[in-house]
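Trainee: I should like to request a close look at a single part of this structure, the interface of chain A and chain B. Which residues and elements form it, and how are the two chains related?

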2 protein chains.
Amino acid sequence: MVPEEYLERLEATTAEPDDLFEHFEQRSVAGQTHYVLTAARHGVERGTVIVEDADVVVRGYPSIPRILVLDPGIPSFFEGGETVAIEEKLDGFNVRIADVGDPLAFTRSGYVCPYTTAQARDSLPLEEFFAAHPRKTICAELIGPETPYTTHDYEGIDTHEFRVFDVRDCESGVPLPVADRRELCEEYGFGQPRLFGRAVASDTIATVRDTIDDLDAVGREGVVLKSADGVQMVKYTTKTQHHGELAYAFSMPFDYGRDFVFSRVVRDAFQAVELDESEEQLEERARDLGESILRPMISTIQDVAAGETVGERHRVRGDPETIDALFDHLHEHSLTIEREFDQCENGERVVEFVKVADSSRDRIRYYLDGGTRDE
Amino acid sequence: MVPEEYLERLEATTAEPDDLFEHFEQRSVAGQTHYVLTAARHGVERGTVIVEDADVVVRGYPSIPRILVLDPGIPSFFEGGETVAIEEKLDGFNVRIADVGDPLAFTRSGYVCPYTTAQARDSLPLEEFFAAHPRKTICAELIGPETPYTTHDYEGIDTHEFRVFDVRDCESGVPLPVADRRELCEEYGFGQPRLFGRAVASDTIATVRDTIDDLDAVGREGVVLKSADGVQMVKYTTKTQHHGELAYAFSMPFDYGRDFVFSRVVRDAFQAVELDESEEQLEERARDLGESILRPMISTIQDVAAGETVGERHRVRGDPETIDALFDHLHEHSLTIEREFDQCENGERVVEFVKVADSSRDRIRYYLDGGTRDE
């Protein structure tokens with residue numbers, strides 16, 4: 001059970017420790033005990049981790065609200081006429097890197113990812129950073145084609161890299177102001193998401209619209225707008241991203257399709273209305289939407305019919321111990337893994353594997369065999 | 001509370017009356033007390049009605065399972081190599097007409113619809129039928145452009161008509177064999193869904209495929225296959241129907257979109273795979289799918305932006321008392337109704353009205369005003 005003293009430190013919106021602490025899960029990580037909040041409760045974010053041995057609290061990263069129209073979405077979100085920074089939102093794996101004795105990379109849900117941890121220790125000057133800023137959390141996106149979680153290609157990234165989009169107080173979760181954070185990242189040589197501009201909120205609409213247009217054209221995700229103090233955040237994404245996520249979800253329809261589809265088509269419709277698209281643009285968007293849903297699903301059904309493996313394909317690269325730790329980690333999460341390639345290249349181990357989409361495989365098999373649905 | 005003697009008559013799969021009867025809702029209808037089961041429980045169908053005053057049980061209509069592929073869907077559903085009848089599935093309003101003192105039309109969920117009741121009394125020889133078959137239920141679809149529930153156009157139907165697709169024992173729910181039922185309907189002059197053929201299950205696949213193709217070409221819904229005794233039933237639907245339902249749902253996205261979308265796109269994908277569609281056919285299907293989702297939603301968002309009423313438009317026609325009773329009925333179901341046309345034509349009252357899609361209107365307004373989503 002989590003020690004009671006942490007209730008106050010978490011600034012929870014309940015006076016009853018039991019109300020909150022019964023939702024913390026106890027995990028053993030490299031000789032430490034981690035207490036992890038598995039769902040947001042009483043004002044404390046999901047993925048918040050308490051490491052009693054190190055007397056450290058690592059707050060979960062807050063979920064970022066989304067607007068469906070830029071105008072008046074932006075000015076109505078940032079009410080005070082304050083200055084807003086427009087940064088790129090990247091399609092990668094979101095982790096918090098904190099020093100809890102050693103620096104560890106925590107996933108959104110509070111697990112320690114051994115692969116991301118090793119890559120972070122390898123490619124970021126963590127020792128130097130945490131010596132000067134022991135109570136900060138580095139919030140970063142792991143992007144590139146060689147991660148165990150995402151596969152989005154970014155120009156110029158062959159394997160994987162970090163982009164630091166936030167630096168926060170470990171325990172309170174309070175972020176650095178955008179300008180200070182960008183300067184600090186520069187100082188340590190951390191990669192950062194691009195900054196597209198800063199302006200009074202209502203003056204950013206045109207810039208954001210143009211930026212989204214440019215990002216859409218090259219298949220990138222979208223933007224996050226942040227108040228100068230870094231506290232208020234809101235996101236908006238491109239058509240390519242909506243359709244890409246649908247294609248991903250419907251390549252594993254009975255794993256992700258149901259949860260993904262409605263929100264993405266809604267985003268698409270509001271975007272089309274706000275952009276006041278021409279008949280031709282609408283036709284193009286509708287066709288692309290339909291193809292994003294139908295083609296990956298058809299292809300997966302055909303794969304199941306042919307007895308092929310269906311799921312997410314990933315390639316990872318690292319020292320052999322890290323790779324072993326990664327697969328232990330994936331197995332602990334009850335994932336079915338099939339390795340399709342496993343080889344040493346210049347002292348690094350490179351593995352290509354599939355996270356098998358069990359639910360999709362089994363449901364599709366069942367329907368192909370003539371099974372019925374009640375609907 | 002429902003009298004205990006009905007437990008046995010319902011052939012429930014529980015020996016505890018309370019387990020079942022607490023799910024019955026008591027309603028007062030034209031001086032009678034109706035006990036209505038609001039959800040399927042213990043082997044008793046949703047919409048089952050007990051009318052104690054008339055000592056009648058009206059079993060709910062069972063939900064019909066669906067296959068996603070015809071081959072091997074049909075032969076594996078009808079295992080015994082039995083004879084199967086292929087009948088048309090119509091897109092209308094499903095009611096059970098039973099004599100509980102007077103003949104009443106019950107909806108799927110067990111409400112008495114005053115409009116459907118009046119139309120049934122008017123256009124079907126109910127007195128004659130129930131005199132000879134007092135313990136039967138007529139299961140019928142009310143179809144055509146002038147019903148308060150559906151608007152599907154059928155060639156040759158200007159207002160509305162009944163199609164009787166089943167005749168069942170009121171209390172046991174046991175259906176008449178298909179051939180006997182069709183003969184009985186003929187005898188009383190009841191309209192019926194078309195019969196496309198009868199054959200051993202595995203021999204129906206080609207017929208069903210051709211039938212679906214023909215129905216698809218003229219925008220009709222699909223087929224129901226029934227074992228000769230009428231007990232086993234399974235359905236399969238056309239592409240036009242999937243896309244039509246999506247267009248309907250996304251014209252009111254926050255009322256129906258989320259519930260409708262996943263199941264329809266799944267049906268579409270399995271159909272495309274089974275038909276082994278050409279590149280051109282796939283493109284056409286994908287484009288049509290995207291348009292069915294996107295265009296009605298965009299149009300509704302634009303209507304909300306313009307301050308117009310959004311919802312389902314219907315036209316009904318009947319004697320003034322029936323029309324009044326219908327609107328009382330709709331208001332009892334907490335529907336927001338806007339009448340757009342209300343006039344007498346040759347002694348009949350004709351009303352055009354909108355069932356306002358409150359949730360869609362309010363959510364769309366909220367997002368257009370810059371509201372955020374947590375996702």
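Mentor: What follows describes the interface, first as a whole and then by its parts. The model is predicted, and the values below are computed from it.

The extent of the interface may be taken first. On the side of chain A, 55 residues are in contact with 55 residues of chain B. Between them the two chains bury about 4,500 Å², and carbon and sulfur atoms account for 72% of that area. Three residues, A:F262, A:F270 and A:E375, supply 16% of the area that chain A buries against chain B, which is more than any other three residues provide.

The polar component comes next. Across the interface there are 5 salt bridges, and 10 residue pairs are in polar contact, with both partners at pLDDT 80 or more. Seen by element, the side of chain A that touches chain B receives two or more residues from each of strand 5 (66–67), helix 3 (73–77), strand 13 (233–237), helix 9 (253–275), helix 10 (279–305), helix 12 (358–368) and strand 17 (372–373) of chain A. Helix 10 of chain A gives the largest share, with 16 residues. By residue class, this side of chain A divides into 30 nonpolar, 10 polar and 15 charged residues.

A salt bridge between chains may be inspected in detail. The side chain of A:E279 meets that of B:R295, at 2.9 Å from N to O. Helix 10 of chain A, which spans 279–305, also holds a salt bridge of its own: the side chains of A:R287 and A:E284 meet at 2.7 Å, N to O. A:R287 and A:E284 are 3 residues apart in that helix, about one turn. For context, a search of the whole structure finds 69 salt bridges over all chains.

The strands add a further link between the chains. Strand 17 of chain A is joined by 2 bridges to strand 5 (residues 66–67) of chain B, and these strands run antiparallel. In this pairing A:R373 stands opposite B:R66, a residue of strand 5 of chain B.

The loop that follows strand 5 also deserves attention. In chain A, the loop between strand 5 and helix 3 contains A:P72, and a cis peptide bond joins A:D71 to A:P72, with omega about 10°. In chain B, the loop between strand 5 and helix 3 (73–77) contains B:P72. The peptide bond from B:D71 to B:P72 is likewise cis, with omega near 15°. Most peptide bonds are trans.

Finally, there is the relation of the two chains. Two copies of a chain are related by a rotation about an axis and a shift along it. Here a turn of 180° and a shift of 0.1 Å along the axis lay chain A on chain B with an RMSD of 0.1 Å. That is the relation of a two-fold axis. Of the interface residues of chain A, 100% are also interface residues in chain B, so the copies meet through the same surface.

Terms used. Residues are numbered from 1 along each chain as its sequence is written. Chains are lettered from A and ligands numbered from 1 in the order in which they are written. This is a predicted model: local features need pLDDT of at least 70, side-chain atom pairs count only at pLDDT 80 or more; totals for chains, interfaces and linings use all residues. Side-chain values use heavy atoms; hydrogens and water are left out. Contact means heavy atoms within 4.5 Å. Buried area is the accessible area (1.4 Å probe) that two parts lose on being put together, summed over both. A salt bridge is a side-chain nitrogen of Lys or Arg within 4 Å of a carboxyl oxygen of Asp or Glu. A polar contact is a pair of N or O atoms within 3.5 Å; within protein, one must be able to donate a hydrogen and the other to accept it, and residues adjacent in sequence count only if both atoms are side-chain atoms. Helices (H or I, at least four residues) and strands (E, at least two) are DSSP runs, numbered from the N terminus. Ala, Val, Leu, Ile, Met, Phe, Trp, Tyr, Cys and Pro count as nonpolar, Asp, Glu, Lys and Arg as charged, and the others, Gly among them, as polar. Two strands pair if DSSP finds at least two bridges between them. Copies are superposed by least squares on the C-alpha atoms of residues with pLDDT of at least 70 in both.
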